[in-house]
Amino acid sequence: MLKKNFYTFFLILVCSASILSQTKITGKITDENNQPLPGANVYLKDTYDGVSSEADGSFSFITDEEGEFVLVVSFVGYQSHSENITIDRKEKYLKIQLKEESTELGAVVISAGSFEASDENKAVILRPLDILTTGADGDIYSTLETLPGTQQIGETDGLFVRGGSASETKTLIDEMTVQNPFYGSVPDIPSRGRFSPMLFKGTIFSTGGYSAQYGQALSSVLVLKTQDLPPKTQSAINIMPLGLGGSHTQLWEKSSFSFEGGYYNLGPYFQIQKQRPDWDKAPESFAGSANFRYKTSQTGMLKAFTSFSTGSLSLYFPNLDSLPQKDFYHQKSNNFFVNTNYRDILWDDWTLFAGYSVGVDKIDNKINNNLANTDDIFHTGKVTITKNVLSNAFLTFGGEIQNLDHSNSFNDLIGNTNETYLAGYLETEVFFTNDFAGRIGVRTEHSKLLDKTNFAPRLSFAYRLGAYDQLNFAYGKFYQTPDPDILLFSKNFEFENSDHYILNYQYIGTDRTFRIEAYYKNYDNLSKGSVVSYPYFNVPVVPFGSNGRGYAKGIDIFWRDKETFEHVDYWISYSYLDTKREFKNYPSLASPPFSTPHTFSIVAKRWIQPITTLVGLTYTFATGRPYFNPNNPEFLGDRGKNYQNFSLNASYITNIFGNFTVVFFSVDNVLGYHNIYGYNYSTDGTISIPILPAAHRSVFFGLFISLGETNPY
């Protein structure tokens, strides 16, 4: 017993001595706005003593060291902090503010060819809310068509950018390519994007010269970043004439799960809002999605998103070769999409992203007694790593693999292609001085189907002229494999490619933004070929090959002003485009039907406090686009009439039974412009009919209720 008490006493004595020789260091890490910085590294230089800051920015650790030391605090995106500290067995409390790298070095932002809508970047041209409150339908793609560089195309879906076709613009969600981001459409009737703008916290729309991290897009990329953990648990219901839907989001301490679903039937809506198409069965669909988020650490986030939609429709088209007769068209579509990804900051300054996605798209068409089906299964895997190699330089590298299994059939004729695409990229972003920054990268790609490899350099530089304005220049080479449908007939193709040259001046003040950008694009190796001749159209059979070419050049201008008119926020965009190309079954260089020389848009919004309503107006003008007239010996020599549209939307904020409610109302083509998108001709070219909007004027009304939430502010 005595021996035991002795050891106990000895142990207490040793521990007490050890504790008395230690020093406790505590404190708090914040940014310049006194917001806590969780996960910042705090340590004594040349020792093993240190800790990471907590969620509220506080930190605490104990050291056995004594004497003079250097305390270091580091956090990605912020300047490292160092200060001398004396370790003398007396508790220390330190309050440390870190400065953002952008304060010193990032005042110049590389932005040639890029529009960003984000809550993360303070110097952006658009905010995510702008997407929801622009135009008449709250669609991401419709909003982007109010920006310079885009074309107003009313008869088909997709983004047409700087003379490029819709297939030359790729959509990525959390860095993963989406094979088909639109609902199923029928000829001359476009569909909207299948993803809700509410899913995303940030949008980068690049009209050219984009990063080496992105490929398989000759003209443009749209990069959408999904929300992280939601701010709270909430439920909502949506009631509209075309259907109803609901959603619920459950938030836990480190994770969240949300789901939403909706049933939509445009039949009742079409009874009220008369349509030009002769519908046999109005579009009917069911769509649902689920979203899981898990915060693995202070900096790590695991995301999983899935969506499913199924729909059907049928209608009659006039048969121009036999006018009393109508062609019957029925479509059934199914789409399934999964996107999982993980992002984290490892060690001091390594950023890791890894993701996998799969999309299944199945469209079955019946045209009179013929069956025409398309099936796509698209897998993507991607890993990207970023390292802060110097105080003023970042190195990004990674790889990507894609596999597309594409089938196309017409009755008993079935074609299939299976393409595996590999890509690697290396890119560095360097701030040479406070006023001069550059991004230099290279991307290499291999197509298993073409059995070819390419090499694509990318350069972009920005030079700050003053506190708010800068010059930008970008050059890049961009590759894309030919359309999978043309690969059904021949594999003897090269990569299609384009060179982008971009020069812009940009001013971003507190409440005013001005931007002017000149560009030139050179297209080469565009795929050509057809298996059908059009004798009446004077278009012969075109041999398959990669001898297509083309160019696009122009000027884009953007002006946004929140200062001149009280409570009014407006932006104006103008695009001049000169483009010609020879591809597909084109016999010669010609301006394609999806291009027009002049496009102008103005968007204005005003919040009216007395009636708690946000009112938005959008006006768009575009000169007539080329269309094919078989009676004109000049290929695509005719031009349609000018396009105009004026739309209005209003969001009234109120409460219904104590629940926060938004009443949304919009009218498209308020002034009733008679727009014509082009013409369809009979086989012998003697009969034609105009391609018109589905409705001369459309009206939309919706009720969006957040259950249990009384005040959004």
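**Why these labels fit**

Q: Why is Glu-168 called buried?
A: In this predicted model, Glu-168 has a relative accessible area of 3%. Buried means under 20%, so Glu-168, at 3%, goes in as buried.

Q: What makes the contact between Glu-168 and Arg-581 a salt bridge?
A: The closest N and O atoms of Glu-168 and Arg-581 are 3.0 Å apart. The cut-off is a Lys or Arg side-chain nitrogen within 4 Å of an Asp or Glu carboxyl oxygen, so the pair of Glu-168 and Arg-581 qualifies.

Q: Why can you say that this pair ties together parts of the chain, and how many residues apart are they in sequence?
A: Look at where the two partners sit: Glu-168 is in the loop between H4 and strand E9 (169-173), while Arg-581 belongs to strand E29 (residues 568-582). The parts are 413 residues apart in sequence, so the pair links them across that stretch.

Q: And Arg-581, is it buried or exposed?
A: Arg-581 comes out at 0% relative accessibility. With the buried limit at under 20%, Arg-581 counts as buried.

Q: How many salt bridges does the rule give?
A: The count is 22 salt bridges. Among them is the one between Glu-445 and Arg-443, at 3.0 Å from N to O.

Q: How do you know whether Glu-445 and Arg-443 are buried or exposed?
A: Check both values. Glu-445 has 1% relative accessibility, so it counts as buried. Arg-443 has a relative accessible area of 0%, so Arg-443 is buried too.

Q: What makes Glu-517 and Arg-515 a salt-bridged pair, and which residues share a network with them?
A: Their side chains meet at 3.1 Å, N to O, and the limit is within 4 Å. Glu-517 is at 1% relative accessibility and counts as buried, and Arg-515 is buried with a relative accessible area of 2%. Salt bridges with shared partners join Arg-162, Arg-515, Glu-517 and Asp-556 into one network.

Q: Why is Tyr-463 called partly exposed?
A: Tyr-463, found in strand E24, has a relative accessible area of 42%. Partly exposed is the range between the 20% and 50% limits, so at 42% Tyr-463 is partly exposed.

Q: What makes Tyr-463 eligible for a surface patch, and which residues join it there?
A: Patch members need over 30% relative accessible area, and Tyr-463 has 42%. The nonpolar patch consists of Phe-432, Phe-436, Ile-440, Leu-459, Tyr-463, Leu-465 and Leu-471, with about 580 Å² of accessible area together. Strands E23 (436-447) and E24 (452-464) each bring at least two residues to the patch.

Q: Why does Pro-181 count as buried, and where is it?
A: Pro-181 has 9% relative accessibility, so it lands among the buried residues. You'll find Pro-181 in the loop between strand E10 (176-178) and E11. From C-alpha to C-alpha, Pro-181 is 9.1 Å from Lys-170, and the two are eleven residues apart in sequence.

Q: Which residues touch the most other members of the largest nonpolar core?
A: Those are Phe-195 and Leu-222, in a core of 20 residues. Helix H4 (140-144), strand E11 (200-206) and strand E12 (220-226) each contribute at least two residues to this core, and H4 gives the most, with three.

Q: Why are E3 and E6 said to stand at the edges of their sheet?
A: The open sheet of four strands runs in the order E3-E2-E5-E6, with antiparallel pairing. Strands E3 (50-52) and E6 (81-87) each have a single partner strand, so one side of each has no neighbour in the sheet. Neighbouring strands here are turned by 15° against each other on average, direction ignored.

Q: What makes E2 and E3 a pair?
A: Pairing takes at least two bridges, and three bridges join strand E2 (residues 41-44) to E3, which run antiparallel. Val-42 has Val-51 in E3 as its bridge partner.

Q: How do you know that E13 pairs with both E14 and E38?
A: Set the bridge counts against the minimum of two. E13 (residues 234-240) and E14 (residues 243-251) are joined by seven bridges and run antiparallel; E13 and E38 (residues 698-707) have five, also in the antiparallel sense. Both counts satisfy the rule, so E13 pairs with E14 and with E38. E13 and E14 form a hairpin with two residues between them.

Methods: Residues numbered from 1 in each chain as written. Predicted model: local features only at pLDDT ≥ 70, side-chain atom pairs only at ≥ 80, totals over all residues. Heavy atoms only, no water. Patch = residues over 30% accessible without salt bridge, like charges linked within 9 Å, V, L, I, M, F, W, Y side chains within 5 Å. Areas by Shrake-Rupley, 256 points an atom, 1.4 Å probe, with all protein chains shown as cover. Buried < 20%, exposed > 50% of the residue type's maximum accessible area, 1.4 Å probe, protein only. Axes fitted to C-alpha atoms, helices over the stretch in contact; angles between N-to-C directions. Core = buried A, V, L, I, M, F, W, Y, C linked by side-chain atoms within 4.5 Å.
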